[in-house]
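Welcome! Please take a look at the structure below, and keep it open while you read this short briefing.

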Amino acid sequence: MDFQLDSKYEPRGDQGRAIANLTRSLRAGNRHQTLLGVTGSGKTFTIANVIRDMGRPTLIMSHNKTLAAQLYSEFKQFFPRNAVEYFVSYFDYYQPEAYLPRSDTYIEKDSSINEEIERLRLSTVSSILTRRDTIIVASVSCIYGLASPEDFLQMLVTIKPGQPLSREAFLSKIVEMLYERNDIAFTRGKFRVRGDVVEVHPAQVEDEAVRVEFFGDEIERISLFDPLTGRVSGTLTTFTLFPAKQFVTPHDKLRVAMVEIRKELEARVEEFEREGKLIEAQRIRMRTEFDLEMMQEMGFCNGIENYSRQLTGRPPGSRPYTLMDFLPEDYLLVVDESHATIPQVGGMYAGDRARKSVLVNYGFRLPSALDNRPLNFDEFMQESTQGIYVSATPGQFEIRNSVAGNTAWIPNPEKTFGEGGRNHDFKKYGEGQENLDVTTAGMPLVVEQIIRPTGLLDPTITVRPLKAQIDETIELCRRRVEKKERVLITTLTKKTAEDLADYLREVGLKVRYLHSDIDTIERVEILRTLRAGDCDILVGINLLREGLDLPEVSLVCILDADKEGYLRSQTSLIQTAGRAARHLHGEVVLFADVLTGSIRALLEISDYRRTRQEAYNKKHGITPRSVVRAVQESLHVIVKGGGENANTLREDPASFDAAELIRELEKDMAEASSRLEYERAALLRDQIAELKSGTADGTTPAPMKKISYSKSSRRKRG
């Protein structure tokens, strides 16, 4: 099926040229392309057009889950008839296994899996294997290990009416695929049996199950039905059932893997004993023997991913299988906000290996655990065939790769990328002329897209002294709130963000904070509340940067802007300032006593872009106007097709059911207490008491938010 772009807009401004040039470059076989697009210029729409024109499966990588969720929503709207999938880490909370030799402290792996995201990951794999019109929006988790594509395909079961297959053989197969029998709670990844009827809830779908009816040793009928109501929606002539988990291994390979694990264990124990490390020898033997026993009896064990090399039959030191191995060879890679995503990919391998090396050296894991890892950067580059780097501030890596082998163009040595110069500035070799698009052999590889179809100029930038920056910020916020506009405030630490949000709340402003301790789904919901007007101000640190599409935001306040560093670098300032670029009255206020190199670069780039946009507006008679876009649906609604998350409480007081809410909170409180999460249980208890006091005097309780239980609290408990 072809990609069918559904949009009422036509390419405008720089978009048409960017689409044509990128498409031409890809078809010419160029491996690297860079789209240098400013905030609000429609980079997502440009990429959507390129995907439609190329007609190839596409992997879109983002450096954080919040931006990935936004991109997923946008591409879902652009391609409603194609498979748009969401692939991010399924951990709401993750504490990796580690050992601290100095204090002799072992930290056991602890995690909380988001089942909805796990379902979406399984749906991603199934779409890749069954159709080419697939777009995957992924975080950098896509470079981490998965099962072997060969094993995954081997575990698929395709059935059809009339097929000779006994009920017992079918049940044996789905158990090997890690489906669990549950005749009462029939949820995804479960099956139930009633006589000659087997009902299976596929792991990759939420609201659809399959009923397989047998007649003797033959399949008689296959039906789809609603697992909640039991209503049959249709009969099938064929059906393919995918494994219930991403990590699956055929039973024969599991037996071989266990033999290899035992051989490695014996060699490792002998090595430790030879070196006089008797404690380490005993430790690795006890842990590995226990894991082997669990694999023998249950088919899996905790931390089974540490044995992935043996389970997949890979040689020592080889790279793991990842999502990229499931994609066809001609897939297209789009790296969104590449200036942040590329460095993140490059840093994953070294950090993972440093932690696991300590575990291996002290006998907590076998040396083969080092092969359970993310791709290193060279492996990532080898896996990506053709790619587009998308950023308003591309780094040196993207630019240099996009112009590699170029004999006609070189970067202007007076304007070094990433060191205070303009990223758009190139000099034609031998002529001293500037051009917007850098070309190699006549093919544009770096395409600049800075004209906004809306005619909007870059936001005005004001520098104010640090003295009384909080008081001035409050006054600026009040003025914007009176106009029903939104405000973003960036600080340098999480503690400052939380304290500032509390202080602004005390002076009567509707404010929320956003940082990495807030789980994936709730981050999206917080951004929705800002756009919907349920809060007027959002305080954050580093998440209020790349890609966030918030047209209602007219003011960005950057506190302590002269504290030069990662959070106040040229790239960071440009990206943060861009959040106000979708509003007609966009303004950025920098609180600084010193004009750093990064601040000067921001002022220079902003002046250049405003000049270009003003000239374009004058030439085409365009009157600037703010971006108008409907508020994004809840991520839960998007992925489920309707409904509402039970843990995300309703905001509309008219539909506020206090009794039902109290029951939900009491259930959450009991679950938190059973998991020894006493801080979260106490917070839930306080909310229950507040609700009960509100309903007792006949008043309507104020809408309440979902409790966010921070990682730091969990670490303290551990």
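Here is a short tour of some strands, two cysteines and a surface patch.

This is a predicted model, so please read every value here as computed. One topic is an open sheet of six strands, and another is strand β17, where five of the five residues are buried. We also look at two cysteines, in a structure that holds zero disulfides.

**The open sheet**

- Six strands line up in the order β23-β28-β27-β24-β26-β25, and their pairing is parallel.
- Strands β23 and β25 (511-514) stand at the edges with a single partner strand each, so one side of each has no neighbour in the sheet.
- From one strand to the next, the twist averages 20 degrees.
- Inside this order, β27 (residues 553-558) and β28 (residues 587-591) run parallel and are joined by four bridges.
- If you would like to find one contact between these two strands, look for Val556, whose bridge partner in β28 is Val588.

**Strand β17 and its partners**

- Strand β17 covers residues 332-336, and because five of its five residues are buried, the rest of the structure largely encloses it.
- Which way do the residues of β17 point? Leu332, Val334 and Asp336 point one way, while Leu333 and Val335 point the other way, and all are buried.
- Strand β2 (residues 58-61) runs parallel to β17, and four bridges join the two.
- Across that pairing, Leu333 in β17 has Leu59 standing opposite.
- Strand β18 (residues 386-391) also runs parallel to β17, this time with five bridges.
- Here Asp336 has Val390 in β18 as its bridge partner.

**Two cysteines without a bond**

- How many disulfides does the structure hold? The count is zero.
- Cys477 is in no disulfide, and its nearest cysteine sulfur belongs to Cys557, 5.3 Å away.
- Why is there no bond for Cys557? A disulfide needs two cysteine sulfur atoms within 2.5 Å, and the sulfur of Cys557 is 5.3 Å from that of Cys477, so they are too far apart for a bond.
- Is Cys477 buried or exposed? Cys477 counts as buried because its relative accessibility is 0%.
- Cys557 counts as buried too, with 0% relative accessibility.

**A nonpolar patch on the surface**

- Val463, Leu595 and Leu603 make a nonpolar surface patch of about 200 Å².
- Val463 sits in strand β23 (residues 460-464), one of the edge strands of the open sheet.
- With a relative accessible area of 34%, Val463 is partly exposed.

Conventions
Residues numbered from 1 in each chain as written. Predicted model: local features only at pLDDT ≥ 70, side-chain atom pairs only at ≥ 80, totals over all residues. Heavy atoms only, no water. Buried < 20%, exposed > 50% of the residue type's maximum accessible area, 1.4 Å probe, protein only. Patch = residues over 30% accessible without salt bridge, like charges linked within 9 Å, V, L, I, M, F, W, Y side chains within 5 Å. Areas by Shrake-Rupley, 256 points an atom, 1.4 Å probe, with all protein chains shown as cover. Salt bridge = Lys/Arg side-chain N within 4 Å of Asp/Glu carboxyl O. Pairing = 2+ DSSP bridges. Axes fitted to C-alpha atoms, helices over the stretch in contact; angles between N-to-C directions.
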